[in-house]
Each structure stands twice: as C-alpha cells, then as structure tokens.
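I opened the file today to look up charge pairs, ring pairs and a few backbone oddities. My notes follow in the order of the look-ups.

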Amino acid sequence: MLRLVVRRLLQLIPTLLGLSVLLFLWLNRLPGGPASAILGERATPTEVARINRALGLDQPVWVQYGRFLKRIFQLDLGTSTKTGQPVWDEFALRFPATVELSIAAMLIAVVVGVPLGYLAAKRRGGWLDVASVSGSLLGICVPVFFLALILKGIFAVELGIFPSYGRLSTGIDATEVTGFAILDGVLTGELDAAWDAIVHLVLPAVTLSSIPLAVIVRMTRASVLEVLGEDYVRTAESKGLEKSVVRVRHVLRNALLPVVTAVGLLTGSLLSGAVLTESVFAFGGIGSFIKDAIDARDYPVLVGFIMFIAMVYVVINLLVDLAYSLIDPRVRVN
C-alpha cells in the first residue's frame, strides 16, 4: 500500500509542474502584461513600470518562472489585489464552507444513488428502473440555479422549514475553531450551533447533489447490469451461495470501481466551487469568492485558486487509487 501511495505521488509531480508552466505562460500573455491587467483603467506607464519592478516582471523569463515556481513550492500564493490579504488566508477563510457543502452533497448522492442504481438494475424494466432513469435524466437537465430557487421558494419562503441563506442564524454566537461550522459546534459542545449549521446546510446540499446523484444512479445501474451478466456471478449463484453474499461480494464490489472514479471526479468538481448554489443561498464559500475575483480581475487569487484546486485533485486522485486497491486488491500490483 505504501509503495502504491509513493508511486502515485511521484507520478503527479510532472502534472503540477506542467500546470505551473501553463499558468506562468497565461500570466505573461495577458493583454498589456500582468501589470496592465491588475491595474485596469488605472494603468499608466509609470504605474505599470512600478508594478513590473515590484513583481519582478522586468527580469528575464527564466528568472521570473524560477521565482514563480519557488513561491508555489513554498505555498506562497501571493496577495489579493482586491482585499490586500494573502490569498492563502482568503482560501482558509472560505474553503471550509465549500468543503462542508461538497461533502454533504456527495453523501446524499452516494447514500441515495448507489442503492437506487443497484435496485434499478436488479429490477430492470420495472417501475423503479423507469422512475430512477427518468429522475436521473431530469436531475441532469434541470439547471442548478433553477432547482435552488424552487427549493428555496417552497421550503424556505412558503413553508419556512429551512433557512434561506447563510451558514448560521444571526442569533447564534458560535465559537470558531476550525472554520467548519458543524465540527466546531461538536468540538466546543455548542450543539445548538452544530444543529443550526446542519439545518442551514440542507437546502444547498440537496441542490448541489442533484447532478452527482443523477450521474451515480446511472453509473451504478449500468455497472451492475454489466456485472450481472458475468460468468462468475452465474457460477456463484449455481453453487447455492446466499443471495446477500452474491450481491455484496460478487456484484456490488465489482460494480463499484467505475462508480468510485465518478465519485472522485464529481467531488473534485464540487470542491472547485459551487458558484451558483453558494450565490443563491449566500453560503459564503470559495465559489462566490472566485466569481468576485473574476469580476475584479484579481489574477493572484485566480492563479492561486487554480494551483490550489490542482492540489485538491491530486489528493482526491490518490484517495481514489487507494479505494481501488481496497475494492480490488489486484490494482495494488499495477
């Protein structure tokens, strides 16, 4: 297992280096250069020259790239031109909200999607199969922002069951430890704050889970149907093994490999920022922050965000590989 982890990490180093080259070339090809892009309408020749000197843009290209690469390895993502704060501090402030939202959405998608896809495959052609396939198609087709507005209008405005915005109610005085509202409430013993955070999380998480849920249902159904036709499943059934053993050990376990891949990719996409969901529910995550950075042409934030999300994908891919090795031990020797 350790050899697998080390090998995967070594294979991912060229990926990050290649991404750093692309980011560096993108910055140096901005209209008028990075300084003009940062200054915008305030870009006078004097100010541009000052920014170039301050950022080291008057140095040779290889020197600039070397400094750029050094800052990345030191986890120095620069300073936001909009807020004046270190980019890493801005991410640390907002990323926990996105992590909470993404994990909750994926839990809903996996807990509901895998069993539903399995049952749909076992009852192929039945009403459950037709309903799950139709529902998954609807989940993919309905825009996330439209679903968010519908859920918000019904369950928050009309029925008043769930709050319509934010992570905590205004009257809740919660102690912040990690930035994760639910975890902080549990760690500090403020269970009312933890419950309030859960209630605030329901509508955004259900909204965000719609597309991953649809993908997982269809992926699980297709994978289970393929496995059910394999010879080893028929052999296990002919030997008289219990149905639960055949379902779990022979069918579901072998059908999960492509599903795990889908879950990994979907989790990475959710962690990169759910802009529409966070905006509708004013959730204060990294998605809405990046949207503001794009509007303000805050390039240090955008570069830092791309590298940060690349690192997140590296970690997720490693976890997917580890999950592969646990589901199918044959992967460990590859």
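For the charge pairs I took a salt bridge to be a side-chain nitrogen of Lys or Arg within 4 Å of a carboxyl oxygen of Asp or Glu. By this rule I count three salt bridges. The model is a predicted one, and I kept that in mind throughout.

Entry 1, overall. I find 15 helices and zero strands in the protein chain. Of its 334 residues, 40% count as buried. I also looked at contacts between residues at least 6 apart in sequence, and 73% of these join residues at least 24 apart.

Entry 2, confidence. The mean pLDDT of the protein chain is 80, and 88% of the residues score at least 70. Among the elements, helix H9 (residues 191-208) has the highest mean, 90, and helix H2 (residues 33-39) the lowest, 63. Where pLDDT is low, the predicted coordinates should not be read in detail.

Entry 3, salt bridges. I began with Glu 90 and Arg 94, whose side chains meet at 2.3 Å, N to O. Both are in helix H5, four residues apart, or about one turn of the helix. Glu 90 has a relative accessibility of 6%, so I log Glu 90 as buried.

Next I took Arg 167 and Glu 100, which form a salt bridge at 2.9 Å, N to O. Arg 167 sits in the loop between helix H7 (144-158) and helix H8 (181-187), and Glu 100 in helix H5, so this pair ties together parts 67 residues apart in sequence. Arg 167 and Glu 100 are both buried.

The remaining look-up was Asp 129 with Arg 221, where the closest N and O atoms are 2.5 Å apart. Asp 129 belongs to helix H6 (residues 127-141) and Arg 221 to helix H10 (residues 210-228), so parts 92 residues apart in sequence are tied together. Asp 129 is at 4% relative accessibility and therefore counts as buried.

Entry 4, Glu 278. Which side chain of opposite charge is nearest to Glu 278? I find Arg 94, 8.4 Å away, and Glu 278 is buried without a salt bridge. Glu 278 lies in helix H13 (residues 275-280). The side chain of Glu 278 does make a polar contact with the side chain of Thr 98, at 2.9 Å. Beyond four places in sequence, the contacts of Glu 278 include Thr 98, Leu 101, Phe 283 and Ile 286.

Entry 5, rings. I searched the whole structure and got two aromatic pairs. Phe 91 and Phe 289 are edge-to-face, 6.3 Å centre to centre with 85 degrees between the planes. Phe 91 is in helix H5 (residues 87-122) and Phe 289 in helix H14 (residues 286-295), 198 residues apart. Both are buried. The rings of Phe 91 and Phe 305 have centres 6.3 Å apart and planes at 70 degrees, so I log this pair as edge-to-face. Phe 305 is in helix H15 (residues 299-327), 214 residues from Phe 91. Phe 91 and Phe 305 are both buried. Together Phe 91, Phe 289 and Phe 305 form one aromatic cluster.

Entry 6, around H14. The buried residues I noted in H14 include Ile 286, Gly 287, Ser 288 and Ile 290. Most residues other than glycine have a negative phi. Ala 282, in the loop between H13 and H14, has a positive phi near 45 degrees. With a relative accessible area of 45%, Ala 282 is partly exposed. Arg 297, just after H14, also takes a positive phi, about 55 degrees.

Note on methods:
Residues are numbered from 1 along each chain as its sequence is written. Side-chain values use heavy atoms; hydrogens and water are left out. Helices (H or I, at least four residues) and strands (E, at least two) are DSSP runs, numbered from the N terminus. Buried means under 20% relative accessible area, exposed over 50%, partly exposed in between (1.4 Å probe, protein chains only). Lys and Arg count as positive and Asp and Glu as negative; His and the chain ends are not counted. A polar contact is a pair of N or O atoms within 3.5 Å; within protein, one must be able to donate a hydrogen and the other to accept it, and residues adjacent in sequence count only if both atoms are side-chain atoms. Contact means heavy atoms within 4.5 Å. Rings of Phe, Tyr and Trp (its six-membered ring) pair if their centres lie within 6.5 Å; planes under 30 degrees apart count as stacked, over 60 as edge-to-face and the rest as tilted. pLDDT is the predictor's confidence in each residue, from 0 to 100.
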